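Visitor: Please give me a close look at the inside of this one. Start from the outside and work inward.

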Amino acid sequence: MSIRLTRRAVLLGASAMGAAGLVRTSFAAPEARTYYAVLVAATAYPNLPPKSALIGPNHDAQLVREYLLGNSPVKFDAANIILLADNLDGAIGSPTLDGILSGLAQIAAWAKRGDFVYIHYSGHGSQQPALSAGDETDGLDEILLPSDTGMWTDRTKGVPNALTDNMVGQALDAIRNKGAFVWIVLDCCNSGTATRAAPVGEDLIAERKLDPSDLGIPASEIRLATAAEESREVGEGQIERQAAFAFAEDPTSAQGITRGDLVAFFAAQSIETTPEMPLPKGQPDATKFGLFTFTIFQKLAENPNVTYRQLGHAVLQQYTADGRIRPTPLFEGALDARVFGSEIVDTPMQWPLESKGTRGSIAAGLMHRLVPGSKLAILPGPLSEMSEALGYVEVVAAKNLTSMIKPVAYEDRPLVALSDIPAGAYVRVARLEIDFSMVVARPGAVAGLEKQTADANAMLDVLAADPGRRFNIRLVDPGEEADLRLAVLPENAILRASPDGSDAPALWFLPPSGDVSLKDGSKPPFVAAVDPERLRVGAGEVLAKIFRATSLSRLAAGSDYRPEQVMVEFKLKRPSENLMKPLQQATVPRVLPGDEVHILAKNLSSKLIDINILYVGSDYSITHIDAQRLVPNATIEEGLLAFTDASFGFERMIAVLTEAPPQSAIEDLSFLAQGGVPPATRAASGQPAFSDMLRDIGLAPATRSAMKLGDKNASMGAVLIFPVETVPAS
């Protein structure tokens, strides 16, 4: 979507901001609180078709259990974790319907006021005709599928042993009525409307949902169920997103006095699917996890101090940095409470050093963004400054939550033997690696388009080897893990009956999922596959723009400003409303043509901060909207943009914060601006500081870059991403 700038007066001054509202929780004193968990992993479905089998749920449950017992900021006792899984060490039973309900009932019996309960489900989800007429707005019950789920029988009985949304809600109520706080994560999905146009290896990515037809539900029964509720078409044209399970009511000031609060994390909205895949991305022999589960605990491992809202926002930022436009996770409930109800402590990326002889280890790994070669400073204690470093260690092997390390000579420090490191020493991340390369999956073979596909692949080889290219790509075979997928297909194979389309072949640029959705006016970019030279020029321009836009999003991983140092809030104003509503973190709002975005930002630190506002469109355009300097305690309140009806899809507002040296010029990122990739255009034509990496993006940076952490002489920085989805008015 293109944007129309509507600059308003800039208000700079020292006016005080209203204090943030106090977090209301139903927690008792920390010493009186017990932490419980129910982890459900459904992998095998013996009563369903063979394609129903999953791999990732067991890995999810194992990862979560390991985190809760060894890395959580609060103490979980193994005896208070109910693990339901098949063929998994530590499981006390199978993830059957009775097993799940019994596990939840057991927690309800144990829980008391102020306790905390974490519930995690990984497995399939689906839909069935609602068992109670009028109970669902679309006529369908959302269901979770325990391992003993059977094939559908009839309208009165539904899918045997399915776990309905009402059953889950009742089980949660029983726990909350005891006064316990509940956090539930559902890593499954229920529906999907996109078409996969580029190949993704079936052994690489699996969607965690089964269609009603896979459960033996006749299409006629689905039509009959939805006809009664057809006054509302689920998912299409809605402004507010819908979670598949509706049991997380918004908290109110009257709630929580006798009843425990609830937070619910959903992997996808009700019309989407969510995948499981090898993670972390790019790691050799990576284990298959649910994308949602892995990302939640990756961001939580990086910063255990966050609120649920901040955690949800971090998940969305990571999806954006990975180029994902679907699925759209949803986060509901008492989101401003702190995760696990833990107290706020200063927790930089540091861990106690454990050593035995010549070997050292730390309780941190891939989920903390540590990879072989990562450098960590050895500090005398957890409160030491980086300038007090005794030496450095390097990660030599990393698992998800643990790493093996060895001492190295680094910077101006000589090698220090492990035996000489004092007891109580900590290691702290000293250098953060950021990968700027873009993995591109080649187009796969298509019958009748063999020559065009061969031409496209030859063109990609030429582009990848060109020393003057403005992007860094790594080509992989069709179906392999990738940030961008290419497909050679006739225009109308995707545009269908669109007046913009033709039967001519085109090279399509698709997201990592390979999916294409034309819902709400969105279209993927493509270049007509005409003669090879025009294809090379056009594809090179598209790749350069996609690379720059996605690299800017990836830089969010290098953010080192904390929320208490700078506040940035975007607000939405609709033409029909007089009030502006804050765009809450952990949401992806749907916006319409004519809607306006305003910004409210304040520098809460004692340093000078430059703020740049950019807008990345669904066509990979980058619009530079504003660049200003914030002195300590200064505030910006300004109208930024209004949406037009030029294009639609997932887009991003980005606030770039950089620490400014005294007497310096304002950091102006207008050089990052670029035009978009129109969706129907034929081709014709050492160790940097944060701001240095921003400039590198404009010139196509090296494949990898790094930023020093904790160095008082290096400028700080942050990239805050606020995704939105632009849709037609109706």
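Guide: We start at the surface. The chain's accessible surface is about 29000 Å², and carbon and sulfur atoms account for 53% of it. Such areas come from the Shrake-Rupley method with a 1.4 Å probe; for residues, only the protein chains shown count as cover.

A word on the source. This is a predicted model, where local features need pLDDT of at least 70 and side-chain atom pairs count only at pLDDT 80 or more, while totals for chains, interfaces and linings use all residues. Residues are numbered from 1 along each chain as its sequence is written, and side-chain values use heavy atoms, with hydrogens and water left out.

Confidence comes next. The average pLDDT (the predictor's confidence in each residue, from 0 to 100) is 81 for the chain, and 81% of the residues score at least 70. Residues 1-30 fall below 50, yet this stretch has 90 contacts in the model beyond near neighbours in sequence. A contact means heavy atoms within 4.5 Å. Residues 229-238 also stay under 50, with 20 contacts beyond four places in sequence.

Now go inside. The chain has 730 residues, and 58% of them count as buried. Buried means under 20% relative accessible area, exposed over 50%, and partly exposed in between (1.4 Å probe, protein chains only). The chain holds 10 helices and 38 strands. These are DSSP runs numbered from the N terminus: helices are H or I, at least four residues, and strands are E, at least two.

In soluble globular proteins, nonpolar side chains tend to be buried together. A nonpolar core is a set of buried Ala, Val, Leu, Ile, Met, Phe, Trp, Tyr and Cys residues joined through side-chain atoms within 4.5 Å. The largest core here has 53 residues; Leu68, Tyr118, Trp183, Phe265, Tyr308 and Phe340 touch the most other members. Helix 5 (residues 291-302) gives the largest share, 7 residues. The core lies between domain 1 (35-231 + 240-341) and domain 4 (559-726), because both give residues to it. Those bounds come from an automatic or database domain assignment.

Take Tyr308. Leaving out residues up to four places away in sequence, its contacts include Phe116, Phe181, Trp183, Val263 and Phe265. Ala334, Leu335 and Phe340 are also among the residues Tyr308 touches. Apart from this core lies another, of 43 residues, including Leu145, Ile175, Ile184 and Leu186.

Back to helix 5, for Thr293 lies in it. Thr293 counts as buried because its relative accessibility is 0%. Its side chain makes a polar contact of 3.0 Å with that of His120. A polar contact is a pair of N or O atoms within 3.5 Å; within protein, one must be able to donate a hydrogen and the other to accept it, and residues adjacent in sequence count only if both atoms are side-chain atoms. Beyond four places in sequence, Thr293 also touches Asp60, Val64, Ser122 and Asp187. Val185 is 108 residues away along the chain, but the two C-alpha atoms are separated by 8.1 Å.

Next, Asn603, in strand 32 (residues 596-603). Asn603 is buried too, at 0% relative accessibility. A polar contact of 2.7 Å links its side chain to that of Ser605.

Last, Met349. This residue sits in the loop between strand 14 (330-333) and strand 15 (350-352). Its relative accessible area is 18%, so Met349 counts as buried. Beyond four places in sequence, Met349 touches Glu302, His368, Val427, Arg428 and Val429.
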